[in-house]
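This report describes selected local features of a single structural model, moving from a loop residue to ligand surroundings and then to strands and domains. The sequence and the coordinates are shown first.

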Amino acid sequence: MNLRRFVVMGGAILAAFLFSVWLNAPDLDLDPIAPANLASATTEQVRAGEYLVRVGNCAGCHTAQGGPPFAGGRAIDTPFGAVYSSNLTPHDETGLGRWTDADFYRAMRHGRSKDDRWLSPVFPYTSYTNLTRADSDAIFAWLRALPPVDRAQPEATLRSPYELQLATRVWRALYFKPATDAAIAAMDRGQYLVEGLGHCGACHTPRDDRGGPIAASRYMGGEIAGLSWDALPLAGLGDDPHDPEGQELAALLKTGVHSRAAVAGPMAEVVFNSLQYLRDDDLAAIVSYLRRLPKAEPPAAPRVPRVSDDERAALRKRGATIYGEHCAECHGDDGEGQPRQYPALAGSRLVTAVSATNALRLTLDGGFPPSTDGNPYPYGMPPFSQALSRADIAAVLTYIRSEWGNDAPAVSVVEVERR
Ligand code: HEC
Ligand code: HEC
Ligand code: HEC
């Protein structure tokens, strides 16, 4: 072997070695972890854990449709393919049976599995990293008390190169920094719940095309990739003229409805699984924090086909007729709705969002706010995908987005047909 080849090969081997060290390295600020002490889990801890599991909505992802609770296997779609949730029951082979509370805390704080695997950020450890050790231990104590279920986590079906540990490692280097105890201690209760267990930013902070949160647009809403729904901006909720004290917002999170609005789609699930169980003090803390969120840069508006002025006028005219025939009986002649039954369309943040995605989803598929203690029998909205043509739907959406003082862009027939 000549010297040059030798040097090149040596360099390559060294680079590969350094690279593998980086790939497998522990996070730099991985704190030393206390040894497990499970026998000491108290009833109080287990009870606290139950509440925290609800607030974190672990069941929402870790229970497959019709599957045993917390045994995982639910597919979570991303633009890069599907990732399946894992089994959180204490089964020795397929669940957390052999985990210690320290392993569990490491997964929540650092996004690493017991076997050192870098976990996919679909598991929102970018938020759960803000959990205190005590809360992590309580959650673990509660999960340990579940009946063990034998159910292996299905392999993710990500397209290349996203299936590689390397891709996850790079993603983490770009977008994830584990929390520090000092940073957590500096948070008030509302911030702790919103930034941590509540993982509100997982949907409400828009993402770039690598699936990373866009820091400059924190909590400004945007399309939730893989869901065909937009999260609405949370920043700016404090300026709502209809809600000077935040009571309406509290009612919306707790019961799914308030006097002018209702939650829908994925947010209805969040309220159903999680937020309706909030204690009053935690609810008040969350509302107070949300109302203080600063406004940030709005995410880039989706590209939609342009609508000419003539076309818009024609859509509005036709839309007025359709609205009178199909919508006014519930939403009112002036879009005023019925308190707690039918949301107002006049002034609705959902209706006037730059993107018509949510209004379109609801009009095509219909929907129900969640059934909660505070609103056990919600009124539903019928689906119109059969009853109305695509052109009619474009017309009625254009109408509700530009009537009663609403001022949002028109919706073309092409945009409706694309769905
Ligand atoms: C948005 C969906 C989602 C939510 C909400 C969620 N998880 Fe997960 N979780 C996942 C996915 C997906 C994985 C698998 C990640 C992987 O395999 O890379 C996972 C993995 C985990 C793991 C690692 C398991 C292992 O074998 O390495 C733990 C521990 C965990 N989740 C606990 C929780 C807890 C506790 C909660 C509630 C506080 C929770 N998760 C909420 C989606 C979610
Ligand atoms: C799984 C994704 C998801 C998560 C997680 C999520 N949201 Fe939402 N949220 C949505 C979507 C989608 C909408 C728009 C539909 C609607 O208004 O109901 C929404 C709407 C809202 C609205 C109504 C805004 C308005 O202007 O009317 C509020 C308030 C809200 N979310 C608060 C929260 C809070 C607080 C959290 C965390 C505890 C949270 N969301 C977590 C998806 C999510
Ligand atoms: C039978 C009563 C009923 C009729 C008829 C009806 N809706 Fe609704 N609508 C509802 C209910 C209930 C909701 C709340 C659904 C939810 O939260 O999932 C709703 C929600 C909406 C929303 C979301 C508003 C917001 O701020 O959250 C839009 C947009 C909407 N409807 C448009 C329409 C249009 C357009 C028509 C006519 C083509 C129509 N609706 C007909 C009952 C109705």
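In this predicted model, Thr372 has a relative accessible area of 3% and is therefore buried, given that the limit for that class is under 20%. Thr372 belongs to the loop that lies between helix H16 and helix H17, the latter comprising residues 390-402. The side chain of Thr372 also reaches the backbone oxygen of Thr255, at a distance of 2.9 Å.

**Surroundings of ligand 3**

Helix H16, which precedes that loop and covers residues 357-365, takes part in the shell around ligand 3, to which it gives the most, with 3 residues. Helix H15 (328-331) is likewise a contributor, since H15 and H16 each supply at least two residues of this shell. In total, 26 residues surround ligand 3, and the closest are Cys327, Cys330, His331, Ser348 and Met381. When the shell is sorted by class, 19 residues are nonpolar and 7 are polar, while no charged residues are found in it.

Which atoms of His331, Ser348 and Phe368 lie at short listed distances from ligand 3 is set out in the table below.

| Residue | Protein atom | Ligand 3 atom | Distance |
|---|---|---|---|
| His331 | polar side-chain atom | nitrogen | 2.8 Å |
| Ser348 | polar side-chain atom | oxygen | 2.7 Å |
| Phe368 | backbone N or O atom | oxygen | 3.3 Å |

His331 and Ser348 thus appear both among the closest residues and in the table with a polar side-chain atom, His331 facing a nitrogen atom of the ligand and Ser348 an oxygen atom. For Phe368, by contrast, the atom concerned belongs to the backbone.

**The iron atom of ligand 1**

The iron atom of ligand 1 has a single protein donor, namely NE2 of His62, placed at 2.0 Å. His62 itself is located in helix H3, which comprises residues 58-62.

**A strand pair and the domains**

Strand S1 (residues 75-78) runs antiparallel to strand S2 (residues 81-84), and 4 bridges join the two. Together S1 and S2 form a hairpin, with 2 residues between them. Asp77 of S1 has Ala82 as its bridge partner in S2. The side chains along S1 alternate, in that Ile76 and Thr78 point to one face and are buried, whereas Ala75 and Asp77 point to the other face and are not buried.

On the scale of the whole protein chain, the domain assignment gives domain 1 as residues 21-185 and domain 2 as residues 309-417. The C-alpha centres of domain 1 and domain 2 are 40 Å apart.

Notes:
Residues are numbered from 1 along each chain as its sequence is written. Chains are lettered from A and ligands numbered from 1 in the order in which they are written. This is a predicted model: local features need pLDDT of at least 70, side-chain atom pairs count only at pLDDT 80 or more; totals for chains, interfaces and linings use all residues. Side-chain values use heavy atoms; hydrogens and water are left out. Donors are N, O and S atoms within 2.8 Å of the metal (3.2 Å for Na, K and Ca); water is not among the atoms, so sites may look incomplete. A residue is near a molecule or strand if one of its heavy atoms lies within 4 Å of it. A polar contact is a pair of N or O atoms within 3.5 Å; within protein, one must be able to donate a hydrogen and the other to accept it, and residues adjacent in sequence count only if both atoms are side-chain atoms. Ala, Val, Leu, Ile, Met, Phe, Trp, Tyr, Cys and Pro count as nonpolar, Asp, Glu, Lys and Arg as charged, and the others, Gly among them, as polar. Buried means under 20% relative accessible area, exposed over 50%, partly exposed in between (1.4 Å probe, protein chains only). Two strands pair if DSSP finds at least two bridges between them. Domain bounds come from an automatic or database domain assignment.
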